[in-house]
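Reader: I have the sequence and the structure open side by side. Could you walk me through some of the packing, a question at a time?

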Amino acid sequence: MRLALLADLHANLEAVEACLAHARTQGAEQVAFLGDLVGYGADPGPVVDRVRAGVEAGGLAIKGNHDEAAVRGPPPSMRTDAARAVTWTQEHLGPEQLAFPLTVERGERLFVHASAVDPERWLYVLSSVDAGRSLRSVTAREVFSGHTHTPSLYHLAADGTMAGFRPVPGTPIKLSGLRRWLVIPGSVGQPRDGNPAACYAMLDEASDVVVFHRVPYDAEQAARKIRAAGLPGDLGARLELGS
Amino acid sequence: MSTQRIEPGAVIDGYRLEERLHQGSMATLWRVSAVGRPTLVMKMPLLREGDDPTALVSFEVEQMIMPTLVGPHVPQFVASGDFSAQPYIVMEHIGGGSLRSRLEETPLEPEEVARLGAQIASALQALHLQHVIHLDLKPSNVMFRSTGEAVLIDFGFSRHDRLPDLLAEQFRLPMGTAPYISPEQLQRIRNDPRSDLFALGAVLYHLVTGERAFGFPTTVLGLRRRLYRDPVPPRARNPRCPASLQEIILHCLETDPQNRYQSAAQVLLALRNPGEVSLTARAGRLKQDGPLTVARRWLRTLGNPGEASQTTAGQIARSPVVVVALDLVASSDALRTDLRTASERVLGMHPGARLACLTVLRTSRLAQDVTIDEEGRNLRVLRLVELKDWARPLGLAEGRLTYHVLEGPDPASVLVDFVRENRVDHVVIGARGASQLRRYLGSVSAKVVAESPCTVTVVKVPQHGGEDTEERSDLEALPR
């Protein structure tokens, strides 16, 4: 099965559509949505509709911290802009629309939004050490996550050596069966690495080959919608910069 | 892991083991057959307890890299088996023997060494263009097709620019083969394609002298000697080695990658055109450097190694071979000046670039005595003088420039062949102006653009008022 991996969509419909269209050209048969479907962007409803449709077609979706906040209300630790977007999202979505599981397991693969170490604490995987902790806390051979918004690939060798790699878009990478892997496709709806193009990845489950992609999309339009919705203007501006 | 017996007649995923070809310290090679396929080779890693752990990781690396490689200079990848069952790689069977079998005949004739070297350089350039550095180039890893092309095998220590480097993360010891490993690999730098050029130099040294440039050290200290101790010059060991070949070999064997050729294509150009190699002090050396120089170099090795912060693709892009093709008979002064300006622009962007100035002597298909014109002067020499005169204002250092007077009835074909054989990256050529002549001969530049496997810049002198005529003539010259 060819599975498209979309993380941190953040209610950015333009980016989601662009990635889904690109994934179709790459032969995607199903989609895995890795959490943070909403928050920041102006299209929570239409984005959740796309996610629902993807799940009905045999794909999967898990929830992220922004999705949870949109149900329970923003936690006190949340940044002001993010909290305002969450409150706005709460007014536009019913809680039942965001009822997704915390993790999904499919064979040797685990899908979880943040670190697999106690998923509800939403710990960031920002280094090889974090990635090692996440992988060692579960038995799945491969873990697919979001949350950090930076496309990354970590691998854990049989002797315990853990290392990280910054993937090059468009390069197929065979995930060797001799080690364990943690894949972070990067953010669809709010890239933060200085490149405004949306991030996602494709996984061929049969051959265990993963390809990271960057997809340029109409970020100006997404930003315009954010401003028109009365959300903080900075949330739109950062989309155009990819920051 | 599977418990399947590995013996002749056993079948793994449809591949029947026929004959064990080779038992190495890290892997076993089998000749295998499969229905409807030519003979293939299956490589299996050694998985016994106590085997070298690098063997397994090397095998992972090879399983990652081999499927990404294409072209005549690598064995074609067919299939691989996962570690959950029996790990293997099935690939094309290369019939001929490896270069190792030639070591018994060393020293080889220098022309033969240059020929073999050019084949290997060509293969290395093809590999580097695919983002891969071999990092274990040695005679036993070079095979030859019946058509002559060199085939590089064993990518277990290789590095792919765009894939995780599993070996660097896990092992602290330098990986490579003692007689050929580059100084920077000893300092654990694994991302410099010029490391392969050092190994190529060591291979050529061995072929032309019959001896290893740095012996066969077995300790890290012994290996590190090459960081400060220069090899005995090849000509001191084999007086038949020409100065140009010594220049090329020692240029490859420079300790600092910055002082080597900057790409395999540049080595290829030198090996194919020995008469054009500019000879430096390297060419004349007949003994090793004195103790003072060596001591100074040794002191320098105590500092931290400079980090090679480049990618293979970047290194190649920075070091192109540029050809400027000149028509010394028909082109105007204005066009020659514009060609120089265009060449300057291309070179200005790439400080590592080499410029090959080239012209073609048009010969009739029948005549034999074309190189002597009516005044009895040797046309080739005249053209060479003219090429040098054209290039002088560029002010390029000797080593960055070569001159070539080629011959043939069809200048475009001669030029395109040169571009292919020397793996040229960029051609600068003038458009022939509007003329009756061109109407009959066709456009050389159009053919070069169409058939060259690289970027071509066609230089035109700006037309004042006559643009329409020029355009029409251009179209008429193209095949319809």
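Reader: Glad to start in chain B: which helices are included in what covers the buried residues of H8(B)?

Author: Happy to help! This is a predicted model, where local features need pLDDT of at least 70, side-chain atom pairs count only at pLDDT 80 or more, and totals for chains, interfaces and linings use all residues. Residues are numbered from 1 along each chain as its sequence is written, with chains lettered from A and ligands numbered from 1 in the order in which they are written. Helices are DSSP runs of H or I with at least four residues, strands are runs of E with at least two, and both are numbered from the N terminus. The cover of H8(B), judged by contacts (C-beta atoms, placed from the backbone, within 7 Å), includes H2 (110-129), H5 (194-209), H7 (234-237), H9 (264-272) and H10 (281-284) of chain B.

Reader: How many of the 10 residues of H8(B) are buried?

Author: A residue is buried if 20 or more other C-beta atoms, placed from the backbone, lie within 10 Å of its own, exposed if 12 or fewer, and partly exposed in between. Among those that pass in H8(B) are B:Leu245, B:Glu247 and B:Cys252. Helix H8 (243-252) is largely enclosed by the rest of the structure, because the buried residues number nine of the 10.

Reader: Over in chain A, which strands are the edges of the open six-stranded sheet?

Author: Two strands pair if DSSP finds at least two bridges between them. The sheet has mixed pairing and runs E3-E2-E1-E11-E12-E9. Pairing on one side only marks the edge strands, E3 (60-61) and E9 (173-174).

Reader: What is the bridge partner of A:Arg2 in E11(A)?

Author: E1 (2-6) and E11 (198-204) of chain A pair in the antiparallel sense over four bridges. In E11(A), the partner of A:Arg2 is A:Asp204.

Reader: Is the crossing of H3(A) and H4(A) left-handed or right-handed?

Author: Helices H3 (65-72) and H4 (80-92) of chain A pack at about 60 degrees with axes 8 Å apart; axes are lines fitted to C-alpha atoms, for helices over the stretch in contact, and angles run from 0 to 180 degrees between N-to-C directions. A crossing is left-handed if the near helix is turned anticlockwise from the far one by less than a right angle, and right-handed if clockwise. For H3(A) and H4(A), the crossing is right-handed.

Reader: Which residues of H4(A) make that contact?

Author: H3(A) brings A:His66, A:Ala69 and A:Ala70. From H4(A) come A:Val86, A:Thr89 and A:Gln90.

Note on methods: Two residues are in contact if their C-beta atoms, placed from the backbone, lie within 7 Å.
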